[in-house]
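Here are some exercises with worked solutions. Have a go at each task before you read on.

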2 protein chains.
Amino acid sequence: MKIGQVSKKTDLPVQTIRYYETQNLIKSAGRTEGNFRVYDSKVIDQLEFIKHCRHLDLSLSDIKRINELRDNPNAVCEEVNELINDQVKMVKIKMKELRHLKTQLEALTDSCSNNQKVGDCGIIKSLQECDC
Amino acid sequence: MKIGQVSKKTDLPVQTIRYYETQNLIKSAGRTEGNFRVYDSKVIDQLEFIKHCRHLDLSLSDIKRINELRDNPNAVCEEVNELINDQVKMVKIKMKELRHLKTQLEALTDSCSNNQKVGDCGIIKSLQECDC
DNA sequence: TTTAATATCTATAGCCACTATAGAGTCAAG
DNA sequence: CTTGACTCTATAGTGGCTATAGATATTAAA
């Protein structure tokens with residue numbers, strides 16, 4: 001199987017698959033005479049795994065670490081658990097930030113009374129004042 | 001006033017101030033004989049304005065646009081309002097994504113029953129299955 | 001006055017996870 | 001035998017900084 005076919009099956013851009021190779025997340029089975037990458041079907045599962053992890057916003061280095069642990073089934077599960085918990089923490093922090101952001105932005109839009117002229121715009125006035 | 005003093009007053013790294021200059025968000029009033037940037041006090045307000053906007057996660061190009069409109073007080077307010085509304089929309093989308101993420105990640109941690117061994121780890125098993 | 005410390009300068013590279021481009025080579029169908 | 005689709009490598013760009021190296025400038029202490 002060549003890279004284009006892998007791309008179609010996984011719905012990942014060809015470039016991305018090559019990029020994952022440079023990051024040592026996957027390996028091709030070898031090359032053709034013409035230097036084209038050849039893959040066996042195993043890579044589809046690997047890429048789907050990566051996709052799933054990326055969907056959870058795990059970093060490529062986290063994914064790499066999880067892969068290393070997967071290859072070593074006697075390893076202790078704790079590290080994977082910590083990794084996911086850290087991710088949950090990060091997501092919670094980001095959500096909190098966004099909630100704050102939303103509040104501030106909505107206050108801004110409320111301060112625009114459609115005055116038409118920028119010189120009278122409540123938004124710009126508000127941006128000039130500091131409420132941090 | 002030299003850049004170090006501006007940095008202290010605004011609590012922005014010197015590098016960042018220079019970076020904002022390369023992006024045409026601010027200008028120095030000129031240079032000393034020794035080629036050091038010189039600023040007048042106006043720049044403090046400008047940087048505080050930028051800080052405030054960045055705090056709202058507005059992009060530097062958005063900030064630049066707002067500045068252009070500010071310099072032209074007869075411009076129509078609508079564009080600023082749209083810009084902020086778009087930002088609110090983006091924030092809402094991101095929040096939605098994060099809520100989804102959080103749900104999935106928390107389901108994952110629940111599936112780790114502290115089995116100790118990676119080979120039995122519910123998290124890794126779950127990551128292998130696709131529930132998209 | 002010398003010297004040492006501090007501040008500033010430019011230019012460049014790194015971060016992350018891709019994405020896009022250029023230019024060259026490979027391969028299959030008509 | 002040519003056309004077009006595919007693949008290859010290498011490189012640059014994205015955003016908003018941050019960090020570094022190496023040079024120059026200024027200030028304070030000895």
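Let's start with a term: contact means heavy atoms within 4.5 Å. This is a predicted model, in which local features need pLDDT of at least 70, side-chain atom pairs count only at pLDDT 80 or more, and totals for chains, interfaces and linings use all residues. Residues are numbered from 1 along each chain as its sequence is written, chains are lettered from A and ligands numbered from 1 in the order in which they are written, and side-chain values use heavy atoms, with hydrogens and water left out.

**Exercise 1.** Find what B:L47 touches, leaving out residues up to four places away in sequence.

*Solution.* Start at B:L47 and list its partners: B:V6, B:T10, B:L12, B:I17, B:Y20 and B:I26. Next, look at the largest nonpolar core, a set of buried Ala, Val, Leu, Ile, Met, Phe, Trp, Tyr and Cys residues joined through side-chain atoms within 4.5 Å. Buried here means under 20% relative accessible area, with a 1.4 Å probe and protein chains only. That core has 75 residues, and A:L47 and B:L47 have the most contacts inside it.

**Exercise 2.** Work out how chain A can be laid on chain B.

*Solution.* Superpose by least squares on the C-alpha atoms of residues with pLDDT of at least 70 in both copies. A turn of 180° with a shift of 0.0 Å along the axis does it, at an RMSD of 0.1 Å. The two copies are therefore related as by a two-fold rotation axis. In chain A, the C-alpha of A:M95 is nearest that axis, at 3.1 Å. Now check the interface: 100% of chain A's interface residues are also interface residues in chain B, so the copies meet through the same surface.

**Exercise 3.** Which residues come nearest to DNA strand C?

*Solution.* Count a residue as near if one of its heavy atoms lies within 4 Å of the strand. There are 18 residues around DNA strand C, and A:Y20, A:R54, B:G4, B:R18 and B:R37 come nearest. On the DNA side, sugar and phosphate make up 80% of the strand C atoms that come within 4 Å of the protein. Then zoom in on polar contacts, pairs of N or O atoms within 3.5 Å. A polar side-chain atom of B:R18 sits 2.4 Å from a phosphate oxygen of strand C, while one of A:Q15 sits 3.3 Å from a base oxygen.

**Exercise 4.** Which residues are closest to DNA strand D?

*Solution.* They are A:G4, A:R18, A:R37, B:Y19 and B:Y20, out of 18 that surround the strand. For a base oxygen of strand D, look to the side chain of B:Q15, with an N or O atom 3.3 Å away.

Methods:
Buried < 20%, exposed > 50% of the residue type's maximum accessible area, 1.4 Å probe, protein only. Polar contact = N/O pair within 3.5 Å; in protein donor to acceptor, adjacent residues only side chain to side chain.
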